[in-house]
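Grab a coffee and work through these exercises with the model open beside you. Each task comes with a solution in steps.

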Amino acid sequence: MDRKSLLTEKKRIVIKVGTSTITYSETGNINLNKLEKFVRILINLRNQGKEVIVVSSGAVGVGRKALGLKHRPATEAEKQACAAVGQARLMMIYEKLFNEYSQLTAQVLLTKESILNEECKKKAHQTFNELLRMNVVPIVNENDVISVDELAYGNFGDNDTLAAYVARLVEADLLILMSDIDGLYTDDPRQNSDARFIHTVKEIDDHLERMAKDSSTECGTGGMATKITAGKMVTEAGTDMVIANGENIYLINDIMAGKKVGTLFLSHKHGQDVKDEYSPKRAEYRRKAKIEKKTQRSIK
């Protein structure tokens, strides 16, 4: 499988940015510098003829700061109030940044009912397709303020899962999850120095799911387990997925150029004839580096 040809040919892309990607961890305020770069990247993708849908975290955090709350929302009502205030502010910022490039955006607030109820799902699918046909960039978030039938359908719980539902709904070619982790490792690299980075996953099996649940990595409202769940949802539906670190927002360009960054999860139609790809073991890597260094010295 040629990673470059696979990723450069993607046309309909869903990109999820986590709270840690678009806010300052020290203050909780919006990182305007990074958000502006993110918008420019999206505009460039649009200029290449790509269709882009954004799933953006951050509404509750932005609302909490605006309301002057010193603590995380303790009740459902408090969270809903923060979301209502924060979503408006977040969209205002997105709208201002996109407007600098004359790019139209649309706010799409979803409940789980709007994805799972067949009639609602049909309407949502129709709306997304029409927005993309009109060259609009939809910006999606969960409607934390209200859910029509929460008892029957529940909440998404985290934006990794929401992004996976959206990717399936719009039949996306690629889902990119930008978070505060580089990708998937065989173990927690902070606790195990022999943990190997996984470049490519051909299939999400029981072993991989168990490994994710044991991970101590946490980011926003979801950890690695939620990302693996999202990956399983989309790859079964024929969509490839990449997990990458949002610390460097320009990695989105590298992903779309087919460079080996983040962890690529292949859909069933692409993962049939390949194997999982791991980084070399640390000891092996050191030996190879040592030999290469010695060879270079002898040449000099």
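**Exercise 1.** Does Met241 count as buried or exposed, and at what relative accessibility?

*Solution.* Before we start: this is a predicted model, so local features need pLDDT of at least 70 and side-chain atom pairs count only at pLDDT 80 or more, while totals for chains, interfaces and linings use all residues. Residues are numbered from 1 along each chain as its sequence is written, and side-chain values use heavy atoms, with hydrogens and water left out.

- Step 1: get the cut-offs straight. Buried means under 20% relative accessible area, exposed means over 50%, and partly exposed is in between (1.4 Å probe, protein chains only).
- Step 2: apply them. Met241 has 0% relative accessibility, so it counts as buried.
- Step 3: place the residue. Met241 sits in strand S10 (residues 240-245); helices (H or I, at least four residues) and strands (E, at least two) are DSSP runs, numbered from the N terminus.
- Step 4: look across the fold. Leu266 is 25 residues from Met241 in sequence, yet their C-alpha atoms are 6.7 Å apart in space.

**Exercise 2.** Check the span of helix H11 against its expected value, then list its buried residues.

*Solution.*

- Step 1: the expected span of a helix is 1.5 Å times one less than its number of residues.
- Step 2: H11 (residues 224-236) has 13 residues and should span 18 Å; its end C-alpha atoms are 18 Å apart, so the two agree.
- Step 3: the buried residues of H11 are Met224, Thr226, Lys227, Ile228, Ala230, Gly231, Met233, Val234 and Thr235.
- Step 4: see what comes after. Gly238 follows H11 and has a positive phi, near 95 degrees.
- Step 5: try H5 too. Helix H5 (residues 76-99) has 24 residues and reaches 34 Å from first C-alpha to last, close to the 34 Å expected. Its buried residues include Cys82, Gly86, Leu90 and Phe98.

**Exercise 3.** Which residues other than glycine have a positive phi here, among them one in the loop after H5?

*Solution.*

- Step 1: recall the background. Most residues other than glycine have a negative phi.
- Step 2: Ser102 has a positive phi, near 55 degrees. Ser102 lies in the loop between H5 and strand S3 (105-110), and is exposed at 67% relative accessible area.
- Step 3: Asn135 is another case, with phi about 65 degrees. Its place is the loop between helix H7 (118-133) and strand S4 (137-142), and at 45% relative accessibility Asn135 counts as partly exposed.

**Exercise 4.** How many salt bridges does a search of the whole structure find?

*Solution.*

- Step 1: define the contact. A salt bridge is a side-chain nitrogen of Lys or Arg within 4 Å of a carboxyl oxygen of Asp or Glu.
- Step 2: the search finds eight.
- Step 3: take a pair within a helix. Arg40 bridges to Glu36, the closest N and O atoms being 3.8 Å apart. Both lie in helix H3 (residues 32-47), four residues apart, about one turn of the helix.
- Step 4: now one that links distant parts of the chain. Lys260 forms a salt bridge with Glu277, with closest N and O atoms 2.5 Å apart. Lys260 is in the loop between helix H12 (251-256) and strand S11 (263-265), while Glu277 is in strand S12 (residues 277-278), 17 residues apart.
- Step 5: finish with a network. Lys16, Asp160 and Lys227 are linked by salt bridges.
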